[in-house]
Amino acid sequence: MTREPIDYGDLEAGRHCNYWAYDPTLRFEARRVYPDAEFEWAERVLSDYGAAVGETIADNSDAVDRHSPELHTYDDEGQVVNEVEYHPRQFETERISYEEFRLTHDAFHAPPGRDERVGLVHPLTMQTLLCFADVGFACPASMTVGTAVVLEKFDDGTLDPYFERLTSADYDDHAEGAMFLTESQGGSDVGAAEVRAEPRSHGGSSANGPGGLDADTYDIYGEKWFCSNVDAQGALVLARTPDAPEGTAGLSLFLVPHTLPDGSVNDAVVRRLKDKLGTLSVPTGEIEYEGATGYLVGEEERGFREMTEMLNYERVTNATGAVGVMGRALLEAKVHAADREVFGEVIQEYPLLRRDLVDMTVSYEGAAAFAFEAVKQYDRRERAWRETRGDDGDVEGVEGDDGDGESGDSTTEGDPEAYKLMRLFVPIAKYRTADLAVDLVSDAMEILGGNGYVRGHATARLLRDAQVLPIWEGTSNILSLDVLRALDRTSAHEALIPFVNERLDGVDHPLLDPRVETVRERFRELQSALGTLATVETDAAQYHAKRLADLIYDVVTATLLLSEAQTRLDEAGDARKALVARWFVETRFVDDAAYGITDGARPADACFDPVARYGEIDPDAAAESWP
Ligand SMILES: Cc1cc2nc3c(=O)[nH]c(=O)nc-3n(C[C@H](O)[C@H](O)[C@H](O)COP(=O)(O)OP(=O)(O)OC[C@H]3O[C@@H](n4cnc5c(N)ncnc54)[C@H](O)[C@@H]3O)c2cc1C
C-alpha cells in the first residue's frame, strides 16, 4: 500500500478535527461533481470550513442543543413581540458560516478570488460539512439559499433588498429565509392550504409596505402549523387569494417578513415553539397571521410551482445533509473502535466489528455517490437555466400541476436531460439517504456501547436530529409518489436508461467485469418493472412506489460506484473503490446460499484496511485477498 490507512486512534472522539480532511469519500464526491475550475477554488474553502465545523461549530452546536431557543411572544406590557432568544454561541456559528465562509453568498455573487459566482454545488457541499455538527442550523442555512433561488427566478427585482440581505456576506446585514407551507390539515397535502391573502395595494407603497419597495402587498390571515426558523426575515408563505381555485393551482407565494422595515412586528402571533425530539437549534413554531404584510413573489396562482424550486433545493440539501450526518456517525464509530479495548483487545480487531464497519462505510459511500449525483444533475440544470433565461429573468416552460400533492415539477428549459435526471434523482436521494442516515447513526450508537446512548455523546444527539430527515421536506411515501410523477410526466426513464448504460459500458477492468454483468441483469429487471408500472392502474403503481425508488437507487448507486472504481483504477491503479463497488453489488444483488456462511469467504477481513480505513490497495492484492 502506498497510502497508509487512516489511524482513527489518533483522535479521542469525532470532533476537534477537520471533517474535510478526515473524509476521503466526501472529498472524492466533491471533486467528481464540481466543475474543475470551481473545485480548484473551492477546495481550500471546504477544507477550512471542515476545520471550523470540527473545531468550533461542533462544540457550539452541543451548547445550543442544551440551551435551545426560547420564544417570548409577549413583552412585559402584553404587547406581541414574537422574539426568539438564542444562546450566544449560535451567533458565532452563524457568523462563521454566513460571513467568514459566505455560505449563502458565493452561489449568487462572485466570491474573493473569482470573477464569477460558483454553482449551487458549493453551498450543497458545505451543507454536508455543516451536518457533521448541526442539522438544526443547517435548516435555516439551507432555506436561506432556497429563498434566494426563488427570488432570483421569480421576483422582478422588487424584492431585491431581501435578496441582497439573504445573500449578504456581512453578518450584521444578513437575513435568513424560511418556507411555511404546512398547515394542520395539510403537510403532504399542500393543496389543502387555507391561509388567505387579501390584496392591500398594487404597484405602490402602502402604510406597512417596505420603504422604497414597489411591491404588491397583501394582508395574510390564518395559521401555519410547522414554521422552522420561525423568526426569519425572508419567510416564503403559500396562501390563497380571494376566488382562487382549490388545490395547489390556487396558491400564491408571498414573502412575509418577521418584522417590517420600520422595526415593528408584522401582524402575527407566534403561539409556541414545537417541543421537538431533535434539531433543537432551529426554532420551529406555530404562527397565527392576523393581517400580516406579505409581498407577492412572481404571479398570483403560480405559488406552488414557484415553491417547487425551493423544495427541490431543500430536498437535495436534505440528502447532502444526511451524508454529513452519516459521515460524522461513522467517524465517531471508527474512532471509538480504534480506541476502545474489550476482552483485552481493541474492538476494531474483532472480525465481526470489522465487518460492521466495512458494511457501514460502503453504505455511506453509496449514499454519498447517489446524493452527489443528484447534486450534479441539479447544479447542471441550474447552470443551464441561467444560461438560457431571458434578460428579464422570466422563465418559460413551466409544467402544469394537477393539484394532487407535492411535486418537483417546475421549469424544464435549458438542459432537458439534466432536468429529467434531476427530477428522478432528487426525490430518491432525499428518501433513501434520510433512511440510511437513521440506520447508520443507530448502528454507530451501538458501536459506542452504552455511552453512545447517553446525552453528551455525539451519537445520541445525531440520532435525535437524524430522525427528522425522513419527515420534513416530504415523507418517504410522498417522495416515492413523486418518483412515479417524474416517470409519468417527465419521462425521466428516457434519461435514466442511457445514463446507466453509458457508465456500465465504460467499466471493463477484470476486477469489476463480473459485477457489471450482475448490475446489468438487475437493470433489465428494473426496466421491465418500469414497463409494468406504466400499464397498471394508479393504485397498483402507488403500491409499489417505494420499492421502485429502492430499486432505482440500488441500480444507479451500483453503477456510480463501479464507474468510480474504474476511474480510480485507471488514474491511480488503486483498487479500493473496486472493493467498495463489489461489496455494494454483492450485498444488494447476490443471494448467497445460507447468507454466505457456508462458502468459507471472509471478505471483510481483507477489506477492512482499504475500505473502512481508506488505505490504498493494488489490483493484484485486491484480487488475491477477495477471490
Ligand atoms: C421538525 C420539523 C420541522 C418542520 N418544518 C417545517 C417548515 O419549516 N415548513 C413547513 O412547511 N413544514 C415543516 N414541517 C412539516 C413537514 O414538512 C410535514 O410534517 C411533512 O411534510 C408531513 O406532513 P404532515 O405532518 O401533515 O403528515 P401527513 O401529510 O398527514 O402524512 C402522514 C403520513 O401519511 C403518509 N401519506 C400521506 N399521503 C400519502 C399517500 N398519498 N400515500 C401514502 N402515504 C401517504 C405520509 O407519508 C406520512 O407518513 C416540519 C416538520 C418537522 C417535524
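## Overall build

A residue counts as buried here if 20 or more other C-beta atoms lie within 10 Å of its own. By that yardstick, buried residues make up 53% of the 627 residues in the protein chain. Keep in mind as you read on that this is a predicted model.

The protein chain holds 18 helices and 11 strands. Its radius of gyration is 24 Å, close to the 25 Å that the globule rule gives for 627 residues, so the chain is as compact as a globular protein of that length. Put a box around the C-alpha atoms, along the principal axes, and you get roughly 80 × 55 × 45 Å. As for how the chain folds back on itself, take the contacts between residues at least 6 apart in sequence: 76% of them join residues at least 24 apart.

## Two domains

The chain is divided into domain 1, covering 176-302, and domain 2, covering 492-625. Going by C-alpha atoms, the centres of domain 1 and domain 2 sit 45 Å from each other.

## Around the ligand

There are 21 residues around the ligand, and the ones that come nearest are G187, S188, F226, S228 and T475. Sorted by class, the shell has 10 nonpolar residues, nine polar ones and two charged ones.

Which elements supply at least two residues each to this shell? Strands β3 (177-180) and β5 (217-228) do, and so does helix α11 (476-490).

## Helix α11

Besides its part in the ligand shell, α11 is worth a look in its own right. Its 15 residues should span 21 Å at 1.5 Å a residue, and the end C-alpha atoms are 20 Å apart, which agrees.

Plenty of α11 is tucked away: I478, L479, S480, L481, D482, V483, R485, A486, L487 and T490 are buried. What do these buried residues pack against? Their partners are α9 (416-447), α12 (493-505), α13 (513-535), α14 (538-543) and α15 (545-572). Right after the helix comes S491, with a positive phi near 50°.

## Helix α5

Helix α5 runs over residues 135-154, 20 residues in total, and reaches 28 Å from first C-alpha to last, close to the 28 Å expected at 1.5 Å a residue. Is α5 mostly covered or mostly exposed? Mostly covered: 19 of its 20 residues are buried.

## Odd backbone angles

Most residues other than glycine have a negative phi. F343 goes the other way, with a positive phi of about 55° although it is not a glycine. You'll find F343 in the loop between β10 (341-342) and β11 (345-346). With 6 C-beta neighbours inside 10 Å, and 12 or fewer being the cut-off, F343 counts as exposed.

Y614 is another case, a non-glycine with a positive phi of about 60°. Y614 also belongs to a loop, this one between α17 (603-612) and α18 (619-625). It has 18 other C-beta atoms within 10 Å, so Y614 is partly exposed.

## A pair to check

A621 lies in helix α18. With 14 other C-beta atoms within 10 Å, A621 is partly exposed. How far apart in space are A621 and A575? They are 46 residues apart in sequence, but 8.6 Å apart from C-alpha to C-alpha.

Note on methods. Residues are numbered from 1 along each chain as its sequence is written. This is a predicted model: local features need pLDDT of at least 70, side-chain atom pairs count only at pLDDT 80 or more; totals for chains, interfaces and linings use all residues. A residue is near a molecule or strand if its C-beta atom, placed from the backbone, lies within 6 Å of it. Helices (H or I, at least four residues) and strands (E, at least two) are DSSP runs, numbered from the N terminus. Ala, Val, Leu, Ile, Met, Phe, Trp, Tyr, Cys and Pro count as nonpolar, Asp, Glu, Lys and Arg as charged, and the others, Gly among them, as polar. The expected span of a helix is 1.5 Å times one less than its number of residues. The radius of gyration is taken over C-alpha atoms; the globule rule is 2.2 Å times the number of residues to the power 0.38. Two residues are in contact if their C-beta atoms, placed from the backbone, lie within 7 Å. Domain bounds come from an automatic or database domain assignment.
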